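Hi,

Here is the structure I said I would send over. Have a look at it first, and my notes on what turned up follow below.

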Protein chains: 2
Amino acid sequence: MAAAARVLHEQGVERTTLADIAQAADVPVGNVYYYFKTKDELIQAALSEHSAHLDQLTARLEQMTDPRARLKALIETWIEQRDLAARRGCPTGTLAVELDKRTEGDLDAEAGALIRRLLDWASGQFRELGLPDPDDLALTLVAGYQGMSLMANALRDPGIMSREGDRLLRWVDTLQLPDRNPSPRTR
Amino acid sequence: MAAAARVLHEQGVERTTLADIAQAADVPVGNVYYYFKTKDELIQAALSEHSAHLDQLTARLEQMTDPRARLKALIETWIEQRDLAARRGCPTGTLAVELDKRTEGDLDAEAGALIRRLLDWASGQFRELGLPDPDDLALTLVAGYQGMSLMANALRDPGIMSREGDRLLRWVDTLQLPDRNPSPRTR
DNA sequence: GTCTATATGCAGATAGAC
DNA sequence: GTCTATCTGCATATAGAC
């Protein structure tokens, strides 16, 4: 499963053969079929891997008490992955793009669900901060990440991850709590 | 070439067969090879189509005198394409993601070059406005577009294009000219 | 459970009639 | 230039020995 996730990310879903994955996992080709009946099941396994990584990441971030610090640590993590992002793009994002081109099967929805989980987690942090429209803020954050990853990948420039990542860090810093007593009418 | 551009965008590069393109163009398969020796040449032709579309777009925008209005019109164009973006993603962006997975050939660089041309055009507009770091602003703009397109596509939600597009419009509006005489030291 | 050998289908590419 | 028929290679998937 780890080999599948890695190779599918590196080479893309459609250009990766089962032989590639088998070789990366150091097992003969036929053996793969004992555990995964079809290539689609292998792709699903890769999605599970990414899902587990997301769980690990959020669990680590939640050890911090301040939601704003968690969000900034998330962005720092993205920046640290800049070289990989420039070479191969965001693992989940590029997977979503590829799978969305498929009409049959429902793997595309699963990639979307994975992104939505990140979105929901981020939304929860903004909500904890008491900020208005946490869903919108989460969307801006994750879209920002996907955008900078795609640009870094397309232009083969990890510096883009640093520049846009820093901008996101500053953005998170500037978000202000709304005035709690905007009007004397309240109560 | 138009059929190639359309079908390659809809189905993705790797899942599109020459038969698909031939059928969309209403010519028999073998005939395609009279004009395009390989599938790669067809992909290149699709890139040329996208390039021509970009030229048409910027030419149209440059009829406006105010660079800020041009940028806002660009964003409006993106928002108008929200349904296509939600179903298939940004034509150039998804192409870049797919082609970047290829090791052999140099098509990936051409997709990147196309994105860079948009980047350069946007940078020119910010520069005309006299704003500092026009390249960074252009990067933020185009990354924002790619990010919202990918999210709209992954979540199958055109509303994302509207929400994030509106945010970009407000962002362009808030960009201020720097103080021209910040210090009496000058001269 | 593991592995080799093989079947099947299809996509890219070509030959050659018209 | 156009089109049909066909070749070739390769990727998914299977059969079956061990």
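**Between the chains**

The rule picks out 20 residue pairs in polar contact across the interface of chain A and chain B, both partners at pLDDT 80 or more. Bear in mind that this is a predicted model. On chain A's side, at least two residues each come from helix 1 (2-11), helix 7 (91-100), helix 8 (107-128), helix 9 (134-154) and helix 10 (159-174). Helix 9 of chain A has the largest share, with 12 residues. Sorted by class, the side of chain A that touches chain B holds 13 nonpolar, 10 polar and 16 charged residues.

The rule also finds 10 salt bridges across this interface. One to click on is Arg156(B) with Asp100(A), at 2.7 Å, N to O.

As for area, chain A and chain B bury about 3,600 Å² between them, with 59% of that on carbon and sulfur atoms. Arg15(A), Lys101(A) and Met151(A) lose the most area in chain A, together 20% of what that side buries.

**Around DNA strand D**

Both chains line this strand: among the residues around DNA strand D are Thr16(A), Tyr33(A), Lys39(A), Asn31(B) and Tyr35(B). Of the strand's atoms that come within 4 Å of the protein, 78% belong to sugar and phosphate.

Three polar approaches to phosphate oxygens of DNA strand D are worth a look:

- Tyr35(B), side chain, 2.5 Å
- Lys39(A), backbone, 2.8 Å
- Asn31(B), side chain, 3.2 Å

Helix 3 (29-35) of chain A and helix 3 (29-35) of chain B each give two or more residues to the surface near the strand. Helix 3 of chain B gives the most, 4 residues.

Cheers

How values were computed. Residues are numbered from 1 along each chain as its sequence is written. Chains are lettered from A and ligands numbered from 1 in the order in which they are written. This is a predicted model: local features need pLDDT of at least 70, side-chain atom pairs count only at pLDDT 80 or more; totals for chains, interfaces and linings use all residues. Side-chain values use heavy atoms; hydrogens and water are left out. A residue is near a molecule or strand if one of its heavy atoms lies within 4 Å of it. A polar contact is a pair of N or O atoms within 3.5 Å; within protein, one must be able to donate a hydrogen and the other to accept it, and residues adjacent in sequence count only if both atoms are side-chain atoms. Buried area is the accessible area (1.4 Å probe) that two parts lose on being put together, summed over both. A salt bridge is a side-chain nitrogen of Lys or Arg within 4 Å of a carboxyl oxygen of Asp or Glu. Ala, Val, Leu, Ile, Met, Phe, Trp, Tyr, Cys and Pro count as nonpolar, Asp, Glu, Lys and Arg as charged, and the others, Gly among them, as polar.
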